[in-house]
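User: I would like to learn how to read the helices of a structure I have not seen before. Could you take me through it step by step?

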Amino acid sequence: AKRERAKVIQDRKETKAKLEKLKTRAQWAAEAQKEVNRYARLRDASLGCVSCDKGPCWGGQWHGSHFRSVGAASAVRFNLWNIHKSCSVCNNWKSGNLSEYEPRLREKIGNEKVDWLKSQNQRVTYSIEYLKRLKDVMRKKANRLEKRNG
């Protein structure tokens, strides 16, 4: 029984390794983005929506909302100045509610940082190695923050 169990575990590890090798850059980017957004939501846990007046106790779903969209500014896709906690209503149905997002963001992080974000228009392609490392680092940071927040 122990040998059978060990064989099953080994087979699962091999299958997982094969599947990891088949992932595309886009899949790695999506996984890294998920961890970065999770970290941003945890960082802003005590704050409300960056785009509206919903407080931190709002009962709906929270998102990691980008000030500069991923398509328009890939250079700041993973930058934490660019990602803040937002309610699902603003992020999904109001396209980030940018008319309210920018003034509140200026108040939160300062004019210089917002102006810098707005100036970043270059196109960046991230390597798979970078995306793997970013995913791991952000997952560890988010886990630590989650433990600290309780």
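User: What phi does glycine 150 take just after helix 6?

Analyst: Glycine 150, which comes just after helix 6, takes a positive phi of about 85 degrees; helices here are DSSP runs of H or I with at least four residues, strands are runs of E with at least two, and both are numbered from the N terminus. This is a predicted model, in which local features need pLDDT of at least 70, side-chain atom pairs count only at pLDDT 80 or more, and totals for chains, interfaces and linings use all residues. Residues are numbered from 1 along each chain as its sequence is written, and side-chain values use heavy atoms, leaving out hydrogens and water.

User: Which residues of helix 6 are buried?

Analyst: Buried means under 20% relative accessible area, exposed over 50%, and partly exposed in between, with a 1.4 Å probe and protein chains only. In helix 6, Leu131, Leu134, Lys135, Met138, Ala142 and Leu145 are buried. Seen down the helix 6 axis, the buried residues fall within an arc of 105 degrees, so they line one face, the arc being that of the directions from the helix axis to the C-beta atoms. The face turned away from that buried side carries exposed Glu129, Arg133, Arg144, Lys147 and Arg148.

User: How are two packed helices described?

Analyst: Two packed helices are described by the angle between their axes and the distance between the axes. The axes of helix 2 and helix 6 come within 8 Å and cross at roughly 25 degrees, the axes being lines fitted to C-alpha atoms over the stretch in contact (heavy atoms within 4.5 Å), with angles from 0 to 180 degrees between N-to-C directions.
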